[in-house]
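Got a minute to look around a protein model? Have the sequence and the 3D view ready, and let's go through it topic by topic.

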Amino acid sequence: MLEPNSTEQPMNYQTEEQQNQQHTENQQEQSEETKELLFEVNEKVLCYHGPLIYEAKIMDRQWMNEDPELQGPYYFVHYKGWKRTWDEWVPETRLLKWCDENIKMQLRLRDLYRMKQSGRSQNTYKEAESSDGGLGKRRRDAKLEKEEDYLRKPEIKLEIPDALKGQLVDDWENVTKNQQLVTLPREITVNGVLERYKAYKREKKGSRELNEDLLEEVLHGLRIYFNKALGTMLLYRFERHQYAEILRQHPNTEPVDVYGAEHLLRLFVQMPSLIAHTTMDTDAVQVLTDYLSDILRFMQKQQKQLFQLEYENAVPGYVALSEIRYPLRAVWDVKGYPTETLLWPAKNNTNKTVLFFIPGNPGLVEYYTTFLDNIYQNLQSPLLEIIGVSHKGHSVNYHADTARDKTLYSFEDQIQHKIDCLDTLIKENGPETKFILIAHSIGSYIAAEVLKKRPNHGISRIIALFPALQNIAVTPNGAVISKAINWTPISAVGAAGSFISWLAPPVREFLVKTITRQSGNGLDVTAHQLLHSSVLMNTITMARYEMETVKDLDHDFYQQHLEKFVIYYSENDKWAPKEHYDYMIKHFPKGDIHLCKLSLPHAFCLEPDHVDYMAKLAASWIRKNLVE
């Protein structure tokens, strides 16, 4: 349930000796992969970011193995004094232990960098010898790299020829101002451009002078960069619908065989920042920069042949689709019940994954708009669709039927409603669709019940955030709230809601802000959607049923489906206290069960910084389950 922030400590369910013993058992049960992780969650470290080293704190860690290019230990770090928008996953090679020796290296790097920036540094370094003359030489261990050599990594300055700068400006105006598109597939694709460049180099240098292996390695790397970067950083908003159509029409074709010089040139603009985040040594970077500059000169010479002279005009229907802003807010008919829904549709309906979000209590999905949108933006996957729903009776928006709905729904009604939602999604998308259920608080219990009733219906993962899975009534908050809601007549709650709903909107906002200190989207949802008679009555009714229904954990069920769960607790959560985390770790030591050391509040969705952190974390789990 949503709650104002509080500093009250959770009730102790175990003795300190029992907790220490349990912690020892947990450590012994860790997998071999986890034991190989050198840094601990909550550990203060030093982290490379660009050419310098910064103090950071490890928020989370995991072993990456789903992507061939992202293998091994990775850590989610927060840089001290930086906004949380800079938080990121970094490989272990960018981290250093917090010790005097490394702190001294941090200070030396800083001083050397200042000298370099001021022009006072002197080039006293010897050129490193390349053992193979190629790009394969990499720095595998940042701790073994001398700080001077690290600093010498060139700040990549890739000069774009003037004629191509003009091409970039025209490209931007055609797409963003004139609402025109590059015709796709291009006659000369990115692959075609690179093949022409290879033929040009062979003709110019001859087979003896040309290092064929090195040339092919550079061109192969560019193809990989283009395929990876196109959907996330090379498209204007107006082009995204076209991109989705290309994926639908050519599902087995790589972008380098569809797009052309226009988008390849955009990649060259981004290359300096992309290269800066690699571990290539100085020689490799210089070789790559020389090749990139040469390819740009070739593209300038072939500009008339490679670039489209006249972009095509988008049809009116396309323009309307491109201007859609997400999420889409709609009323979804779920077996006859109009359900308030937030929707981020997939761009490609083939092999898509549907992320189905179930809120806590109060069950207004609008509380989670920013959270879900951040997940969508973090993943940028055309194969992902996100849909979030409000609980029955917890909405007054968008349609008159629900506004007049005075029914008080039981907890079983809410569970059945989510089962009906899944059944409807399967009917609308097909039985082969994969589903990820992500839920908050009591929504996690509901998600588990959905899996119980629909175990063979495509649910590949359940992500349970701050989960109220057992014995809610005896948790610190549950013990207090259960007395209050049992003592308060439902009719009194309804009367209070009716009175508040008659207040002018500014007055409601002022009262909510003064009492709860909420702001932004949370303030808006509480003041204008929660404080209505029927919504408040259903919120209290659901809370009463929760206290009565959610008791002991179903061990057999969780053991059977353990591999499908990601469960995330917070240290000072008073609805899902740490004792519940300890209990789960003890009974399910092989489970994917986490404890937030930041002590984020149960109602994380009310604070923008907490929303950003949780969205990035959830996206990292979801990414593993997406069909690529």
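Here is a quick tour of one helix, the aromatic rings and the cysteines. Keep in mind that this is a predicted model.

**Helix 5**
- Helix 5 covers residues 162-177, and at 1.5 Å a residue its 16 residues should span 22 Å; the end C-alpha atoms are 22 Å apart, so the two agree.
- Which residues of helix 5 are buried? They are Leu164, Gln167, Leu168, Asp171, Asn174 and Val175.
- These buried residues take up an arc of only 130 degrees around the axis, which means they sit on the same side of helix 5.
- Turn to the face pointing away from that buried side, and you'll find the exposed residues Asp162 and Lys177.
- The buried residues pack against strand 6 (180-181), helix 9 (261-276), helix 10 (282-301) and helix 11 (303-306).
- After helix 5 comes Gln179, with a positive phi near 55 degrees.

**Aromatic rings**
- The count comes to 22 aromatic pairs.
- Take Phe557 and Phe565: their ring centres are 6.1 Å apart and their planes are at 85 degrees, so this pair is edge-to-face.
- Phe557 and Phe565 are both buried.
- Phe557 also has a charge over its ring: the charged end of Lys452 sits 5.2 Å from the ring centre.
- Lys44 does something similar with Trp98, its charged end sitting over the ring, 4.4 Å from the centre.
- Ring pairs also join Phe357, Tyr368, Phe371, Phe466, Tyr568, Phe604 and Trp621 into a cluster.

**Cysteines**
- The count of disulfides is 0.
- Cys99 is partly exposed, at 29% relative accessible area, while Cys596 is buried, at 1%.

Key. Residues numbered from 1 in each chain as written. Predicted model: local features only at pLDDT ≥ 70, side-chain atom pairs only at ≥ 80, totals over all residues. Heavy atoms only, no water. Helix = DSSP H or I, 4+ residues; strand = E, 2+ residues; numbered from the N terminus. Expected span 1.5 Å × (residues − 1). Buried < 20%, exposed > 50% of the residue type's maximum accessible area, 1.4 Å probe, protein only. Arc of directions from axis to C-beta. Contact = heavy atoms within 4.5 Å. Disulfide = S-S within 2.5 Å. Phe/Tyr/Trp six-rings, centres within 6.5 Å; stacked < 30°, edge-to-face > 60°. Lys NZ or Arg CZ within 6 Å of the ring centre and 35° of its normal.
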